[in-house]
Amino acid sequence: MAIHSAVRRAEVPPEVRRNRRRRTLEGWLFALPLVFGIVAFQAAPIVVSMYTSFTRWDGFNSPRLVGGRNYVDLIVNDPIFLQVVRNTIVFTVLGVPATVVLALVLALLGNLKVPGTAFLRMAFFTPYVMNVVAIGFVWYYIFGPTDGLINQFLRNFDIHGPAWLADSSWVIPAVVVVSAWQGVGYPMMILLAGLQGIPEEMYEAARIDGASAWSRLWRITLPLLTPQIFFVTISQFIASFQVFGLIYVLTKGGPGYSSSVYIFYLWQVAFQQGKFGYAAAMAWLIVALIAVLTWVQWKLQKKWVFYD
Amino acid sequence: MTDLAIDDRPVLAGGGDRQLPAPGKRKFQGRRIILMIFLILLALSFLTPALWMLNASLRPEEHVMDFPPGFALSHPQWGNYATVLRNMPVYFLNSVKLAVLNVVGGLIVSSLAGYAFARLTWKGRDALFGIVLVTAIVPNIIYLLPQYILFQKIGWIDTLFPLWVPRVLTPVFGTFLMRQAFKSLPAGLEEAAQVDGASTFRTFLTIMVPQTKPALAAVAMFTFLDSWNDLFGPLIFLTSPEKQTLPIGLAQFQNEFYTQVGPLMAGATVTVIPVFVVFLLAQRYFIQGVTGSGFKG
């Protein structure tokens, strides 16, 4: 092997080699700003935050190594942390299927060949581009306990609506509604692109065989759409585990800790309590959790995702 | 990207089958019209919160929470917008500044890197691209804590630098999109220019970049959205009230006007309108960006 490559190298004329070296230099120069950014703002921070997670650190004085204490404290000694993890899981388990199913229904409707679908798709995408503080304002008044729009509406039917965002058992479902409303546009677009990639001949053939619209949906559309469904499920799941903005603007984690989610608590621990070591450990735990759950879903996809 | 990017002409125009209905299809036409009305109602119901916001921003305070809500233009309260304009120009200016820096910087960095990954052959390219892929997967929160400490050390807290420098220099998503766009250009496009003796950079700038305008537009839109709507960044990196961007400024505005719904909704409307305008103008590129992002690495 070694001799072989040495011979080869000898065969390459110096001019070609110089040319090759020049091209490598050019490539790195083009990528240089990105490389600098990744090293300075991502790679180095990964190392620092890993180290930080094994220390007590207020961000000002020098950090003190404490081994795995932060991790142990989180899992064993912090009841708020456990509640926050539970809330995050509940939010995800309710929110991701709701969003994906809604996105699917809307994509199917948006793919119909009738006038008006362009407006429809634009409408579904609108909340996605609104900033979360504005969204928070609007929904805060929609969910108002007494003069909120929903409860005023329910009063017409003599239903006394709950306090929604101020009720510890309704707060997460309420935020899930806002989250699905806001987030459905993006997965819908991806599913729509998938729908438009399904060849028309498939439907023609099924129609000739007398398949009903219903069985065309279940036998052709959905199976052929599983790669896109899988993709949006995974990406929604990862985003849902890291929800922050909606909680910050709608509930601030309350009432009590009943809607406090992972990143919200992490933000409080780091930037309000100044416990950077503890927060770094939290950050790594959620990365590990997301990685494991994504890996599990990746393995499970063989059972239901259809690749041709 | 090409085969998944929505071929939007026939569907977005809604004219998939424009041939005249055969007599036997008349019943089918009726169903289409009902379906169309249903879809438009559905779309409107989806828009209700945004429409309510717009409406409430002009309603007199004592009627703002009426149900059903009255129509704004019967007694429009333009004064709500005057209140907003008195209170928010600083935040607006900061947000505009950041959006411009982020979009321009992000376009430069991502098109340069995307070009290097797509069209140049160089040692270390594929390994580097793998690293870029990995950094895209790692949740941001891992980077943010050390970044905060770094910015504290170099005196960047409470300045706008943390809100654009890291973002401009790590446009991972933009780099993917630009790489795709450059890859889809025909092979050998550069060669003619290089025969004329133009440098790689000149070829890139004068021949290649102009061919990727749709992708550049998509990257610009996404970057603009990210920058304009960013909440977490300003929340941790900015401390003085007068240095805030729009989202936080809006939240501060709430502390001041929490009892007055009208001005609050006017404030919310003002933050949302620029995004709607950009979105409506560049909808097509936006959709291409979304659909091009998920598939085909």
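**Close-up views of chains A and B**

**View 1. Chain B comes in two domains.** In this predicted model, the domain assignment splits chain B into domain 1 (21–79) and domain 2 (84–294). Measure from centre to centre over C-alpha atoms and you get 34 Å between domain 1 of chain B and domain 2 of chain B.

**View 2. Here is where the two domains of chain B touch.** Domain 1 of chain B brings nine residues to the contact, and domain 2 of chain B brings seven residues. What classes of residue make up the side of domain 1 of chain B that touches domain 2 of chain B? That side has five nonpolar residues, plus two polar and two charged ones.

**View 3. Now for chain B against chain A.** Chain A puts 73 residues into this contact, while chain B puts in 76 residues. On the side of chain B that touches chain A, helix α2 (residues 26–56) of chain B gives the most, with 13 residues. Sorted by class, that side of chain B holds 56 nonpolar residues, 14 polar and six charged.

**View 4. Zooming in on chain A, we follow its listed transmembrane regions.** An unreviewed UniProt entry lists "transmembrane region" for residues 27–51, 89–110, 122–142, 170–193, 229–250 and 276–296 of chain A. Take residues 27–51 of chain A: this stretch is 100% helix and 0% strand, and its end C-alpha atoms sit 33 Å apart.

**View 5. Another listed stretch of chain A is residues 122–142**. What share of residues 122–142 of chain A is helix? The span is 90% helix and 0% strand, with 22 Å between its end C-alpha atoms.

Terms used. Residues numbered from 1 in each chain as written. Chains lettered and ligands numbered in written order. Predicted model: local features only at pLDDT ≥ 70, side-chain atom pairs only at ≥ 80, totals over all residues. Helix = DSSP H or I, 4+ residues; strand = E, 2+ residues; numbered from the N terminus. Nonpolar A, V, L, I, M, F, W, Y, C, P; charged D, E, K, R; others polar. Domains from an automatic or database assignment. UniProt positions renumbered as here; feature names shortened; annotations may be inferred.
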